[in-house]
Amino acid sequence: MPGFELFGTEEQKEVQDVLDNGVLMRYGFDGNRNGHYKALELEKDLAERMQSKYAQVVSSGTAALTVALASAGVGSGDEVIMPTFTFVASFEAILSVGATPILCDIDDTLTLDPEAVKAAITDKTKVVMPVHMCGSMADLKKLKTICDEHNLILLEDACQAIGGTYDNKPLGSYGDLGCFSFDYVKTVTCGEGGGLITNSKQYADHAHKYQDHGHDHIGNNRGAETHPFLGYNYRLSELNAAVGIAQLRKLDSTLALQEKNYTILRNALSEIPEVTFRRVPETGVESYAFLNIFLPTEKLAKKAHTAFGEHGVDVCFYWYDNNWHYYRKWEHLLEPTSLNKLSQEQLAGLQKNNKSFDASDAWMGRTISCLIKVGWTEQEVKERASKMIEALKSIL
Ligand SMILES: *Cc1c(COP(=O)(O)O)cnc(C)c1O
């Protein structure tokens, strides 16, 4: 997954353009920038690649989720349904706009279970936020039907699945809003950065203003701009945007490498009957950022994970015990310890998350996710496959 494996002269050239004129900020200083508007250029490229009308780049994936929620008017009193398996950023972004994250079970797609979503809807629900974890997607068609029936917003967190598709559409472009992260370990990286896409002119317009203190961006005198509403600073710097431009251009070749390496490993593991694979919803195509496998039981999954380590197979994750990605270890979020006071509504809503999510536990307890790197040679992938098989045979 990490795009940093492919850094080269392309990134250097884009960054040099910015350093040559010294304008590190995306707005203003028109006379000094020698025609370079890297953040704007990245937005055009992102919108085009993701077949969306609008793109807004911001300072992180967490910022993209925050800005997306605010742009859709989500705030105090609203509930956002999100999966138990994600990254803490989803939970944080929802709280930061004043809304309440409502956890919901996942299924064998390792993302939101549509039936569990239906059961979690209340009259406060405003958004359903599937998170396309580890390179594959939620059942978007079912989720969209539910959203349409209940007049809810569908916001895709595609931070870990950039380049995957569903129903021939890029992930992130199927819902009302889609978000990406360009942090250092993502498939497309610019150090720190993120982006959101939408076909809604209104959401795009809101996002554009909200991420820059509410500036209206009319005319070329920042000092004279008006501010139709409150905003914050989630701007992306020109330096980061420059790296992002070069990285996004590499996305399709990165995806091809991921698919190639994924396929070698998957074909090898397919020969072991006890190993099964995560379900990819019909019409979905993975980004191949991870290979996600199920072992028959939690006990065997733990053993397999340990055996991988002992056999020198790195970058395989047992998320069930991970305190960033799975709700079980989010002690600071479930019983929230917050520096600033959360609202009474949020505190009351969060109580709903204090229960066990047995279906999620049953799937995650059996799951191991192996990162697919793009820098591996074919020989290295084949050796990795043999080591994985050896490791699995030692415990099965
Ligand atoms: C990385 C990530 C984010 C947040 O992105 P940052 O750029 O690190 O803020 C959000 N959701 C998921 C699923 C992620 O993996």
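How far does a polar side-chain atom of Gln-160 lie from an oxygen atom of the ligand, and what is that distance in Å? In this predicted model, the separation is 2.9 Å, which falls under the definition of a polar contact (a pair of N or O atoms within 3.5 Å; within protein, one must be able to donate a hydrogen and the other to accept it, and residues adjacent in sequence count only if both atoms are side-chain atoms). The model is a prediction in which local features need pLDDT of at least 70 and side-chain atom pairs count only at pLDDT 80 or more, whereas totals for chains, interfaces and linings use all residues. Residues are numbered from 1 along each chain as its sequence is written, and side-chain values use heavy atoms, with hydrogens and water left out.

The ligand is surrounded by 14 residues, of which Gly-61, Thr-62, Ser-181, Asp-183 and Lys-186 come nearest; a residue is counted here if one of its heavy atoms lies within 4 Å of the molecule. For Asp-183, a polar side-chain atom is placed 2.6 Å from a ligand oxygen atom. For Lys-186, an N or O atom of the side chain is 3.1 Å from an oxygen atom of the ligand.

The chain comprises domain 1 (3–250) and domain 2 (252–395), with bounds taken from an automatic or database domain assignment. To their contact (heavy atoms within 4.5 Å), domain 1 contributes 47 residues and domain 2 contributes 47 residues. The C-alpha centres of the two domains are 24 Å apart. About 4000 Å² is buried between the domains, 59% of it on carbon and sulfur atoms; this is the accessible area (1.4 Å probe) that two parts lose on being put together, summed over both.

Between domain 1 and domain 2, 28 residue pairs are in polar contact (both at pLDDT 80 or more). Four salt bridges are also counted between the domains, each being a side-chain nitrogen of Lys or Arg within 4 Å of a carboxyl oxygen of Asp or Glu. Lys-352 and Glu-79 form a salt bridge, with their closest N and O atoms 2.8 Å apart.

By the same rule, the count comes to 26 salt bridges. Glu-10 and Lys-250 pair through their side chains at 3.0 Å, N to O. Glu-10 belongs to helix H1 (residues 9–21) and Lys-250 to the loop between helix H8 (238–249) and helix H9 (251–269), so this salt bridge ties together parts that are 240 residues apart in sequence. Helices (H or I, at least four residues) are DSSP runs, numbered from the N terminus.

Methods:
Helices (H or I, at least four residues) and strands (E, at least two) are DSSP runs, numbered from the N terminus.
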